[in-house]
Each structure stands twice: as structure tokens, then as C-alpha cells.
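The following exercises concern the strand topology and the internal space of a protein model. Each task is followed by a solution in steps.

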Amino acid sequence: MVLLPTTVVGSYSVPEWLERLKTEYYQRRISAQHLAEIHEVAIKAAVKDQELAGIDIVSDGELRRDNDVDYFLARIPGVHIPQRAKTDYFDYYEAEVTRPLPELPEPSDGPDPSTRLGLADDFLFTRQLTEMPIKFSFTGPFSLSRRIRDGAYEEPGDLVRALARRLNAEARELAAAGADLLQIDEPFLAGYPEQVDLAVEAVNLVTEGVPVTWALHVCYGNRYARPSWEGHYDFLFPAVKAARVDQIVLEFARKGLDDLRLIRQHGWDKWLGLGVIDVKSSEVEPAELVASRIRRALEYVPAGRLMINPDCGLRHLAPEVARQKLRAMVAGAALVRAELPGPESPQIPRPEPQGGDTT
């Protein structure tokens with residue numbers, strides 16, 4: 001694997017026809033089987049787009065997911081959603097828990113099919129489409145909890161912890177299916193900076209005992225291609241240093257590069273996923289602008305610990321814009337790579353897994 005490997009954060013451009021067909025499903029006008037076949041076609045195209053753009057580590061584009069919360073809430077046993085008919089991408093605002101989430105079996109007992117969320121199946125479908133390394137992402141427990149009315153737990157943090165244990169079980173299945181790069185997305189954390197310690201505690205519950213490379217993505221929201229919050233990443237440090245992850249994935253293109261100072265200030269010595277593409281703008285960045293952002297980051301992070309990605313998911317960009325932005329990102333990384341001495345990295349960036357005891 002080359003230095004400065006390129007990847008995506010997770011979601012890929014959702015064409016209008018797919019949004020319409022998802023709505024048809026939620027309004028019960030087409031079957032689940034029909035929608036599943038449509039998803040497979042869309043995912044194949046998204047993976048091919050990434051390969052043609054030259055992306056080093058691809059994703060499934062999260063194209064099965066109507067949004068980054070509901071896809072999971074609808075599958076978690078114990079989360080009650082009274083009305084499931086909706087329009088694609090709109091939210092299940094009535095999701096609630098009225099009693100503690102069902103206890104999970106011990107990992108040594110093997111997975112319980114009745115409690116599976118199906119993420120390993122999603123990964124396995126993508127695995128058969130490409131020989132490229134795959135990043136598989138899922139929304140973290142803190143963000144999921146922000147959209148659930150909690151009538152079950154006396155201590156609010158207990159719902160977050162229960163969701164984390166559920167996601168840990170999914171992560172174990174993903175690892176068993178061959179996934180080796182998993183990413184936890186916490187898009188709500190920037191809106192609740194005072195709860196960063198709880199979020200980090202929950203991240204560590206998710207990663208516990210799962211021997212993969214772990215990434216943690218924290219952004220400022222990407223709802224309808226607009227940020228949900230503004231600010232800086234000061235709130236994330238030093239708390240995030242306690243997270244048992246191998247990489248943090250942050251946005252810099254839209255916000256500017258000033259927060260790179262935090263990497264040096266707090267001695268972050270793991271991987272950084274550097275956001276160099278503004279996903280909230282349809283203007284395609286020139287490759288040289290991408291390269292300049294990477295060069296600036298190299299003042300704070302060694303090339304051997306830097307991964308190149310967009311700020312966030314590409315969901316809201318038109319397909320051709322998404323393709324052009326990925327090509328620009330790959331070209332910008334190549335410009336900087338050509339300036340660097342030394343051999344190529346031997347494999348996917350993979351420090352010793354930080355997910356806890358793997359015995």
C-alpha cells in the first residue's frame with residue numbers, strides 16, 4: 001500500500017432514482033426483495049466509481065442506509081418505532097426504549113441470529129465485488145442515543161453503554177466475516193461536547209476484544225449538505241487519547257487547517273484521517289489545493305501515519321461531482337507522494353489493534 005493512502009469516510013452519492021425507490025419501499029409500494037436488488041446494483045456502481053477514481057480503500061457507499069441513524073435503530077431489538085412508513089432520509093423521531101435493551105449472549109456462546117443487525121452480511125456482499133481493501137463504517141452509540149427517547153434507564157449514559165455493547169457484538173461478527181478496518185461515526189458528538197468522556201467510554205466498549213484496525217470519525221454534521229454545528233476540535237482533546245482506536249478521522253477542508261495544531265499540542269501519535277475535500281460544496285477542488293492541504297498536515301503528522309479522505313460522506317453530492325472530487329483527491333495525494341522519499345508502505349496502515357484483549 002502506498003504512502004498517503006486515499007479512502008472515503010463512508011457514504012457515497014445517492015442518485016435521485018434511488019431516493020425515490022427507497023421512498024416507494026417505505027410507503028409499501030415495492031417489496032423488500034425488490035429494494036434489496038436495487039441496492040445491490042447501486043453498491044456495485046459505487047464501488048466501481050471508487051476503483052476507477054483510484055481510491056485505495058473503498059466502501060460500500062452506505063447505499064442501503066436511508067440515513068446514518070434509522071438504518072440501525074430499525075434493527076436494534078428493544079427500540080420501538082411506532083410508525084415505520086416514511087419518506088427516504090426523513091427520521092424516525094418517535095423511536096423510544098421503554099425497558100432496558102435485551103441482554104446479549106456471551107461472545108463465547110456464539111452469535112444469536114435473532115439479535116443480528118446484519119452488518120456482516122452487508123460487508124460480505126461488498127467483499128465479493130472488489131479485491132481492494134474495504135473500510136466498513138457504522139454510527140456510534142452516542143449518536144444513536146441522541147435520537148431515542150429513553151424511558152428505560154435511570155442513568156442516561158446507560159442507554160449509550162447498552163447500544164455500545166450491541167455494536168460490539170456486530171463488530172465481532174464483522175471481524176469474523178473478514179472485515180479488518182472498521183470505523184465508528186459520531187456525527188452528533190460535536191453538538192454535545194460536554195459528553196465527550198461518555199462517548200469515548202462507549203467507543204471503548206464497541207472496540208473491546210475486536211482485533212481489527214479501528215477508526216473514529218467525528219465531524220460537525222452533514223445533514224442536507226449543511227453542518228449541524230460549528231466550532232473547533234478542542235473539545236475532543238485530550239479525551240480522545242483514551243479511545244482504543246488506531247485512527248481519528250476529522251474534517252479540515254471546510255473548516256480550515258488550524259485545528260491541526262491540536263495533533264501536536266496533545267501529542268496524538270496514531271493515524272490521522274485528513275479531510276481534504278469539502279463535501280458541502282459542489283465546487284471541485286483542484287488537485288494542487290488538495291496537495292497543499294496534505295503538505296500542511298505533514299508539518300504535524302508523519303506521512304506514514306496520514307490517510308487522505310473527504311471531510312465526511314459524499315451522500316449529498318451529485319454523482320458526477322462526487323466522481324470528480326475523488327479523482328482530484330487521488331491526484332492531489334499523488335502529487336505529494338511523488339515529493340516524498342522512501343519506499344511504499346508494505347500494507348494497509350495497520351498499527352497493533354487497540355480494541356482490547358484479543359485472546
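Two strands are taken to pair if DSSP finds at least two bridges between them. The model is a predicted one.

**Exercise 1. Determine the strand order of the sheet and identify its edge strands.**

Solution.
1. Applying the pairing criterion gives an open sheet of six strands, ordered β2-β4-β5-β6-β7-β8.
2. The pairing in this sheet is parallel.
3. The strands that pair on one side only are β2 (136-139) and β8 (306-309), and these are the edge strands.
4. From one strand to the next, the twist averages 25°.

**Exercise 2. Describe the surroundings of strand β4, beginning with its bridges and ending with its burial.**

Solution.
1. Toward β2, the strand β4 forms four bridges in the parallel sense. Within this pair, serine 137 has glutamine 183 of β4 as its bridge partner.
2. Toward strand β5 (residues 213-218), β4 is joined by five bridges, and the two strands run parallel. Here isoleucine 184 has leucine 216 of β5 as its bridge partner.
3. The connection from β4 to β5 passes through α7, and this β-α-β crossover is right-handed.
4. Burial is then assessed with the cut-off of under 20% relative accessible area. Leu181, Gln183 and Asp185 lie on one side of β4 and Leu182 and Ile184 on the other, and all are buried, which leaves both faces covered.
5. Since five of the five residues of β4 (residues 181-185) are buried, the strand is largely enclosed by the rest of the structure.

**Exercise 3. Carry out the corresponding analysis for strand β7.**

Solution.
1. Strand β7 (residues 271-275) pairs with strand β6 (residues 247-250) over four bridges, in the parallel sense. One bridge partnership links glutamine 247 to tryptophan 271 in β7.
2. Four bridges also join β7 to β8, and these strands run parallel. In this pairing, leucine 306 of β8 stands opposite leucine 272.
3. A right-handed β-α-β unit is made by β7, helix α9 (residues 287-297) and β8.
4. Trp271, Gly273 and Gly275 point one way from β7, whereas Leu272 and Leu274 point the other way; all of them are buried.
5. The strand β7 is therefore largely enclosed by the rest of the structure, as five of its five residues are buried.

**Exercise 4. How many cavities of 30 Å³ or more does the structure contain, and which residues line the largest cavity?**

Solution.
1. Searching the whole structure yields one cavity of 30 Å³ or more. The space in the largest cavity amounts to about 30 Å³.
2. Its lining consists of Glu186, Leu189, Ala199, Val200, Val203, Leu216, Leu236 and Val240.
3. Sorted by class, the lining comprises seven nonpolar residues, no polar residues and one charged residue.
4. Helix α7 (residues 196-207) gives the most to this lining, with three residues.
5. A link to Exercise 2 follows: α7 is also the helix through which the chain crosses from β4 to β5, and Leu216, one of the lining residues, is the bridge partner of isoleucine 184.

Key:
Residues numbered from 1 in each chain as written. Predicted model: local features only at pLDDT ≥ 70, side-chain atom pairs only at ≥ 80, totals over all residues. Heavy atoms only, no water. Axes fitted to C-alpha atoms, helices over the stretch in contact; angles between N-to-C directions. 1 Å grid on protein atoms, 1.4 Å probe; cavity = no way out; pocket = protein on both sides within 12 Å on 5 of 7 lines; lining within 4 Å. Points joined across faces, edges and corners; volume = space filled by probe spheres on them. Nonpolar A, V, L, I, M, F, W, Y, C, P; charged D, E, K, R; others polar. Buried < 20%, exposed > 50% of the residue type's maximum accessible area, 1.4 Å probe, protein only. Right-handed = clockwise from strand over helix to strand, strands pointing away.
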